[in-house]
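User: Could you take a close look at one strand in this protein for me, and at what sits around it? I'd like the whole thing in one connected walk-through, please.

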Amino acid sequence: MGLFKKFFIGSAIFFVLAILYASYQFFVGGNLVSSKNIDITVIGPAFSSGGDELSLQVSIENRNSVPLEFAKLFIEYPKGASNLNSSTTPDMVRKSIPLPKISAGGINQQVVKVTLYGEEGSQQAIKFMLEYRVQGSNAIFRKESPYQVRISSAPINLDLEAPRTVNSSQEFILKINISSNAPKDVPGVLLSVDYPSGFAFKDANPKPAYGNNVWKLGDLHTGSSRLISVTGALSGEDGEERTVRILSGSASSDDEKTIGVIYNSVFRTISIQRPFLDAQVYLNGDSGDSVTIYPDEEVKGLVVWKNNLPTRIVNASISVKFSGSAFDRTSVSGDRGFYNSLDNTIVWDKNNVTDVVIIEPGETGKISFTFRPLPLFSSGKGIISK
């Protein structure tokens, strides 16, 4: 009887546990919702041209045993490639699509259209996020799914025409051609030039909108193009290399003068070399970039030149040009040089200086000139007229 009693008690306990487990599965377990039972499938091309509208088919499958209520699909992606020189977060595009109730075992399909910008070859990540609730709960559940698209072509073409080598401190021109490569207008285009160290900006056509390196081009229409010319000079040692980088894109939402979304970029490495005929200018014995002189006092100028080539230079020409309105044009005199008062230039060439007819390798020479600044105050002739 003791063994039978133990067996009976054990059977009763097992039966009660089985009833409890079955009740739990029937009343509670069947209503459990897991994000693992939700599939977000995106079907679309893996490549897209910058500025093109891209259609993606999004399928949401609910494999739970309860419906998804108050569902909403969120789409988030960057407007374009982020600026590598900026620490700010790239501007994002955010969209949301309300969804009807997705029944247990049901599928909801949506067509999502996005427009991506970026440099050719860059990869853009589109994030799809589903938010939903279930009956009898106020909790919000989420399910995310990423989708990658590579930019096959940039919406804007950039072409940079620049010399491969320049003489130190000699002016040269950067020609930047911007043209549309998109099937529709590209809005609010900015163009920025990153000048290297040692670059001295001289002029630009058209003039920059901000500082000396940012142009506000506005909307770039399909098939249209713009040309920007920048004049400047590079200073450096012989053999040094400097890189100019051109960026195009749209303005940052934080700063209208900064590109927040890059559409395209191009760069050019320029090598600095010694000029074949080097020249150093001295004013009253000073060769600095800025020299102090006094009104109505004669200034003595000296040009020291040298042939840097391993071969002779034949029929060289050296010129000094005056600009501004603070010097007396009638006071300019060049030792053996010809002064042209029409363009305020002194020229030394084979016609008046025999030293420059043949310059042997490594040979040096010098030529001199004088001029006088206008008096500070004078009736009709001074820098400041009385």
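Analyst: Let's start at valine 303, which is found in strand β20. Keep in mind that this is a predicted model. Valine 303 is buried, with a relative accessible area of 2%, so it falls below the 20% cut-off used for that word.

What is valine 303 in contact with, once its neighbours within four places in sequence are left aside? The list is Ala279, Gln280, Val281, Ile318, Val320, Gly365, Lys366, Ile367 and Phe369. Take lysine 366 from that list: it sits 63 residues from valine 303 along the chain, and yet their C-alpha atoms are separated by 5.4 Å. That fits a broader pattern in the protein, where residues 24 or more positions apart account for 70% of the contacts with a separation of 6 or more.

Now move along to asparagine 307, which is also found in strand β20. Asparagine 307 is buried, with a relative accessible area of 1%. What does its side chain reach? One end of the story is the backbone nitrogen of leucine 309, at 2.9 Å. The side chain of asparagine 307 also reaches the backbone oxygen of threonine 311, at 3.0 Å. Not counting residues up to four places away in sequence, asparagine 307 touches Phe276, Leu277, Arg312, Ile313, Ile359, Glu360, Pro361, Gly362 and Glu363.

Strand β20 also brings us to the largest pocket. Which strands each supply at least two residues of its lining? They are β14 (199–205), β18 (259–273), β19 (277–283), β20 (299–307), β22 (318–321) and β27 (364–371). β19 gives the most to that lining, with 6 residues. The largest pocket has a volume of about 1700 Å³. Its lining runs to 47 residues, and Ser169, Ala279, Gln280, Val281 and Asp289 are the ones nearest its centre. Look back at valine 303 here: its contacts include Ala279, Gln280 and Val281. As for chemistry, the lining divides into 21 nonpolar, 17 polar and 9 charged residues.

Phe369, another contact of valine 303, leads on to the aromatic rings. The count comes to 8 aromatic pairs. One of them joins phenylalanine 322 and phenylalanine 369, edge-to-face, at 6.0 Å centre to centre with 85° between the planes. Phenylalanine 322 lies in the loop between β22 and β23 (333–334) while phenylalanine 369 is in strand β27, so this pair ties together parts that are 47 residues apart in sequence. Phenylalanine 322 and phenylalanine 369 are buried.

Phenylalanine 322 has a second partner in phenylalanine 371. Their ring centres are 5.2 Å apart and their planes are at 70°, so this pair is edge-to-face. Phenylalanine 371 lies in strand β27, with phenylalanine 322 in the loop between β22 and β23, so here the parts tied together are 49 residues apart in sequence. Both phenylalanine 322 and phenylalanine 371 are buried. Step back a little and ring pairs link Phe322, Phe327, Trp348, Phe369 and Phe371 into a cluster.

For the wider setting, the protein has 1 helix and 29 strands. Buried residues make up 38% of its 386 residues, and valine 303 and asparagine 307 from strand β20 are among them.

Technical notes. Residues numbered from 1 in each chain as written. Predicted model: local features only at pLDDT ≥ 70, side-chain atom pairs only at ≥ 80, totals over all residues. Heavy atoms only, no water. 1 Å grid on protein atoms, 1.4 Å probe; cavity = no way out; pocket = protein on both sides within 12 Å on 5 of 7 lines; lining within 4 Å. Points joined across faces, edges and corners; volume = space filled by probe spheres on them. Helix = DSSP H or I, 4+ residues; strand = E, 2+ residues; numbered from the N terminus. Nonpolar A, V, L, I, M, F, W, Y, C, P; charged D, E, K, R; others polar. Buried < 20%, exposed > 50% of the residue type's maximum accessible area, 1.4 Å probe, protein only. Contact = heavy atoms within 4.5 Å. Polar contact = N/O pair within 3.5 Å; in protein donor to acceptor, adjacent residues only side chain to side chain. Phe/Tyr/Trp six-rings, centres within 6.5 Å; stacked < 30°, edge-to-face > 60°.
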